[in-house]
Amino acid sequence: MPTSPRRFWQLPDAQSLQQQAWLQKFGPGLHAAALWRLRRRSLQRACMIGLFCAWLPLPIQMLLAGALAVRFQAHLPLTLGLVWLNNPLTLPLLVVAGYQAGVVLLQQSAQPFVFEASWQWFASSLQQVGLPLLLGSVVLGMVSALLSWPLSAWIWRYRLKRRRAAQQLERRARHNI
């Protein structure tokens, strides 16, 4: 029988987290059990928040995702993990896709640019690509987040059905012996 995510990941419980001095700076909201238990709703919220924040072309993605996860009681590790879909390998693709979507939405003509992952590029290119990039990224993030809700619910139900079927097979096997 496949192991459940909770058995695979030994996540800390609220009590051990409360003992971490550096986490106490974030207040009692970080100790909510819902942030650390993988349930269907917390999974769906984590997917929505994580995917939305992954599209944001801002350096505060992780902080924003963490704050939203705490606010909406999403599974915190999954939320932060999904933000890492935006990484040094995928960042250029997400920036170009966000910019192109923004250009289409604003009905502008695309300006050629060469992306560079640096503050200097961001500051110097803000006038040229800023509005289309931000608008396109937010819209693509919202679309990804909205699509993730039913998809993650389907995946949850599928895994649950498989687990129940495996349990039934085990029970039948025990009774037949």
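**Exercise 1. How much area does the protein chain expose, and what share of it do carbon and sulfur atoms supply?**

Keep in mind that this is a predicted model. The exposed area of the protein chain comes to about 11700 Å². Carbon and sulfur atoms supply 65% of that area. While you're looking at the whole chain, check the inside too: of its 177 residues, 32% count as buried.

**Exercise 2. Work out which elements the protein chain is built from, and in what order.**

Start with the count: there are seven helices and zero strands. Reading from the N terminus on, that gives α-α-α-α-α-α-α. Now look at the contacts between residues at least 6 apart in sequence: 70% of these join residues at least 24 apart.

**Exercise 3. Describe how helix H3 packs on helix H5.**

First, what do we need? Two packed helices are described by the angle between their axes and the distance between the axes.

Step 1: find the two helices, H3 at residues 40-55 and H5 at residues 76-83. Their axes come within 7 Å and cross at roughly 25°.

Step 2: name the arrangement. Angles under 35 degrees count as roughly parallel, so H3 is roughly parallel to H5.

Step 3: get the handedness, which is right-handed for this crossing.

Step 4: list who touches whom. From H3 come Leu43, Ala46, Cys47, Ile49, Gly50, Leu51, Cys53 and Ala54, and they meet Leu78, Thr79, Leu82 and Val83 of H5. Sorted by class, this contact holds ten nonpolar residues, two polar ones and no charged ones.

**Exercise 4. Do the same for H3 and helix H7.**

Step 1: H7 spans residues 119-176. The axes of H3 and H7 lie 8 Å apart, at an angle of about 155°.

Step 2: angles over 145 degrees count as roughly antiparallel, so H3 is roughly antiparallel to H7.

Step 3: H3 and H7 make a right-handed crossing.

Step 4: sort the residues of this contact by class, and you get 14 nonpolar, six polar and three charged.

**Exercise 5. Is Gln44 buried or exposed?**

Step 1: place the residue. Gln44 sits in helix H3.

Step 2: check its relative accessible area, which is 1%. Buried means under 20%, so Gln44 is buried.

Step 3: look for its partners, skipping neighbours within four places in sequence. That leaves Trp149, Ser152 and Ala153 in contact with Gln44.

Key. Residues numbered from 1 in each chain as written. Predicted model: local features only at pLDDT ≥ 70, side-chain atom pairs only at ≥ 80, totals over all residues. Heavy atoms only, no water. Axes fitted to C-alpha atoms, helices over the stretch in contact; angles between N-to-C directions. Helix = DSSP H or I, 4+ residues; strand = E, 2+ residues; numbered from the N terminus. Parallel < 35°, antiparallel > 145°, perpendicular 65-115°, else oblique. Left-handed = near helix turned anticlockwise from the far one by under 90°. Contact = heavy atoms within 4.5 Å. Nonpolar A, V, L, I, M, F, W, Y, C, P; charged D, E, K, R; others polar. Buried < 20%, exposed > 50% of the residue type's maximum accessible area, 1.4 Å probe, protein only. Areas by Shrake-Rupley, 256 points an atom, 1.4 Å probe, with all protein chains shown as cover.
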